[in-house]
Amino acid sequence: MSNISRPDVPVDGTLETESESVAALEHVTAEYDDGPSACTMYPRNCTDHEIATHWITAEKGSYVDLSEMR
């Protein structure tokens, strides 16, 4: 996950249209042989510089279905 290509974000970091949601997320899933799989989520409109601090990772088993929590 250290080298992520971001073709959806222009070099200047702006969105293509103003109607794109700021809260929209992208994700990368990593599967490990020696540990649980992990999904890292980050805002779609992050610049390459911002992505280093604008992310959250959830390991398999640490999340639940939303409908089960209602």
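Here are legends for a handful of close-up views of this predicted model.

**View 1. The whole chain, with one helix and three strands.**
Start at the N terminus and you'll walk through the elements in the order β-β-β-α. The protein chain has 70 residues, and 17% of them are buried. Its accessible surface adds up to about 5,800 Å², with carbon and sulfur atoms holding 52% of that. As for contacts with a separation of 6 or more, 29% of them come from residues 24 or more positions apart.

**View 2. The open sheet, built from three strands in the order β1-β2-β3.**
The pairing here is antiparallel. β1 and β3 are the edge strands, and each of them pairs on one side only. Ignoring direction, neighbouring strands in this sheet are turned by 20° against each other on average. A quick reminder for reading the view: strands of a sheet pair through backbone hydrogen bonds, in either a parallel or an antiparallel fashion.

**View 3. The seam between β1 and β2, an antiparallel pairing.**
How many bridges hold β1 and β2 together in this pairing? There are six bridges between β1 and β2. Look for Ala30 facing its bridge partner, Ala38, which sits in β2. Strand β1 covers residues 25-30, while β2 covers 38-43. Also worth finding are Thr40 and Thr29: they are eleven residues apart along the chain, and their C-alpha atoms are separated by 6.3 Å.

**View 4. The seam between β2 and β3, again antiparallel.**
This pairing runs over four bridges. On the β3 side, where the strand spans 56-59, Ala58 stands opposite Cys39. Thr57, also in β3, stands opposite Thr40.

**View 5. Thr40 up close, a residue of strand β2.**
Is Thr40 buried or exposed? Thr40 is buried, because its relative accessible area is 9% and the cut-off for buried is under 20%. Its side chain isn't idle in there: the side chains of Thr40 and Thr57 make a polar contact at 2.7 Å. So this view brings together two kinds of pairing for these threonines, with Thr40 standing opposite Thr57 in β3 and a polar contact joining their side chains.**View 6. The salt bridge between Arg44 and Glu26.**
The structure holds one salt bridge, and this is where to find it: the side chains of Arg44 and Glu26 meet at 3.0 Å, N to O. The pair links distant parts of the chain, with the two residues 18 apart. Arg44 belongs to the loop between β2 and β3, whereas Glu26 is in strand β1. In general, side chains of opposite charge can pair when their charged atoms come close. How do the two partners rate for accessibility, and what is the value for Arg44? Arg44 counts as partly exposed because its relative accessibility is 29%. Glu26 counts as partly exposed too, at 24% relative accessibility.

Terms used. Residues are numbered from 1 along each chain as its sequence is written. This is a predicted model: local features need pLDDT of at least 70, side-chain atom pairs count only at pLDDT 80 or more; totals for chains, interfaces and linings use all residues. Side-chain values use heavy atoms; hydrogens and water are left out. A salt bridge is a side-chain nitrogen of Lys or Arg within 4 Å of a carboxyl oxygen of Asp or Glu. Buried means under 20% relative accessible area, exposed over 50%, partly exposed in between (1.4 Å probe, protein chains only). A polar contact is a pair of N or O atoms within 3.5 Å; within protein, one must be able to donate a hydrogen and the other to accept it, and residues adjacent in sequence count only if both atoms are side-chain atoms. Contact means heavy atoms within 4.5 Å. Accessible areas come from the Shrake-Rupley method with a 1.4 Å probe; for residues, only the protein chains shown count as cover. Two strands pair if DSSP finds at least two bridges between them. Axes are lines fitted to C-alpha atoms, for helices over the stretch in contact, and angles run from 0 to 180 degrees between N-to-C directions.
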